[in-house]
Amino acid sequence: MRISQRRGAAAAVATLTVGTLLAACSSGGSADGGATAEGGGDAAACTNEIKKPDATEVSVWAWYPAFESVVDHFNETHDDVQVCWTNAGQGADEYNKFSTTIEAGSGAPDVIMLESEILPTYTILNSLADLSEFGANELESQFTTGAWSDVTSGDSVYAIPVDGGPMGMLYRADIFEEYGVEAPTTWEDFARAGQELRDAGYEGYITNYPTNGNALNYALFAQNGWSPFEYDAANPQEIGIDVATPEAEQVLSYWKDLIDQGLVSTDDAFTSDYNTSLVDGTYAVYLAAAWGPGYLQGLSDADSEAEWKAAPLPQWDADDPTQVNWGGSTFAVTEQADDKAAAYTVASELFGDMDAWELGIDEAALFPQWNEALESDYFVNKEYEFFGGQQINKDVFIEAANGYEGFSFSPFQVYAYDQQTQALFDMVESGGDATTTLQTIQDALVSYAQQQGFTVK
């Protein structure tokens, strides 16, 4: 599913510097096509069973949970194309292997699962096929606006959206009720609720603000109008960088104030201690993407007596709500694919019907960006026992998904995340301020981009 940037692991795209990428842009790259057995193109390397051995075989790298059942469904319903699936690792592990195959010019799969935020890192390498050649632009109306924006640049389509992470607020209704505090709907209410809980005797924190939150922190900034990068894959040598904006400063100052007051913790996300705090009452609120309910429910030590509810993400302006997204997975066709048309069929049709999506929703807790699944009675009215039977999709996440309009990431997003994590950690540890912290990130990214050969606009 979404474990790397989205769940806090620091992804590192191995061996390839952006300077190398820019050189590849000007030269056209050197991929020679043809997945090898190492890349998953040999039937012996398949995790799954090939149902129709005479059909064209397409190798796929993906780490979705319960994915084999989706692959089997595809292979049973397609006569001309079969999927040969390999789990090449999760997030950073897969990206490092993919980067190695790009540098080598061989060994990549035909289709690869990539998080949407990492797509620019590979489009600048000329390592992903432009799917508009195969009619992908005709699919736009089938997906949410934000998900489609995240996989396209101009008329080019670099991946097919699968699942997403529209954001909401998961909260311990029993804790709020015990201490007589109303669940917040705005960030002003949120800060007030944190103080009210503390004043009433609650010893935990209203939530956690992880300095290694990466895409979470990007989403929180973006909700206030922050847009740090201006980047067009059609003009890859140029980038606009505007991190230290008044909008970002307002958000970071808000969280720094809550931290200074002791109302919010700053634990690293997705560690064992963090997971324990999510379920033992240390945090009253989990600011979560739509995959968060599945993550929360999957924690082995979840308290069966806890009463969880889902609500919309608090807003800066309740009269003008802004929806944001934390993560999202896609299928891209690599330039090394022997038969790109067959690979496109796989990328666009693996989750191309409700049978596949019911598997993805029920077995893997995926949140669909495909409108037919998103709008289906099955998904809209689905009740979640973990949330007391609440229809959390209808109540929270579908509106968030439809309201998200997209976000522009950089072609060196891993580095950008690393700089943000370090600067936020230093701010918390040294008592720094939001203005200085954001300027530190800004200066680091501009310097790095220039060193790698970009023209910074």
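Q: What makes the residues of the lining of the second largest cavity nonpolar, polar or charged, and how many fall in each class?
A: Ala, Val, Leu, Ile, Met, Phe, Trp, Tyr, Cys and Pro count as nonpolar, Asp, Glu, Lys and Arg as charged, and the others, Gly among them, as polar. On that basis this lining divides into four nonpolar, eight polar and two charged residues. The model is predicted: local features need pLDDT of at least 70 and side-chain atom pairs 80 or more, whereas totals for chains, interfaces and linings use all residues. Residues are numbered from 1 along each chain, and side-chain values use heavy atoms, without hydrogens and water.

Q: Why is the link of C46 and C84 called a disulfide?
A: A disulfide is a pair of cysteine sulfur atoms within 2.5 Å. The sulfur atoms of C46 and C84 are 2.0 Å apart, so the pair meets the definition. The angle about the S-S bond is -115°, and the link is left-handed.

Q: Which parts does the pair of C46 and C84 tie together?
A: C46 lies in the loop between α1 (18–27) and β1 (56–61), and C84 in strand β2 (residues 81–86), so parts 38 residues apart in sequence are tied together. Helices (H or I, at least four residues) and strands (E, at least two) are DSSP runs, numbered from the N terminus.

Q: Are C46 and C84 buried or exposed?
A: Both are buried, where buried means under 20% relative accessible area, exposed over 50%, and partly exposed in between (1.4 Å probe, protein chains only).
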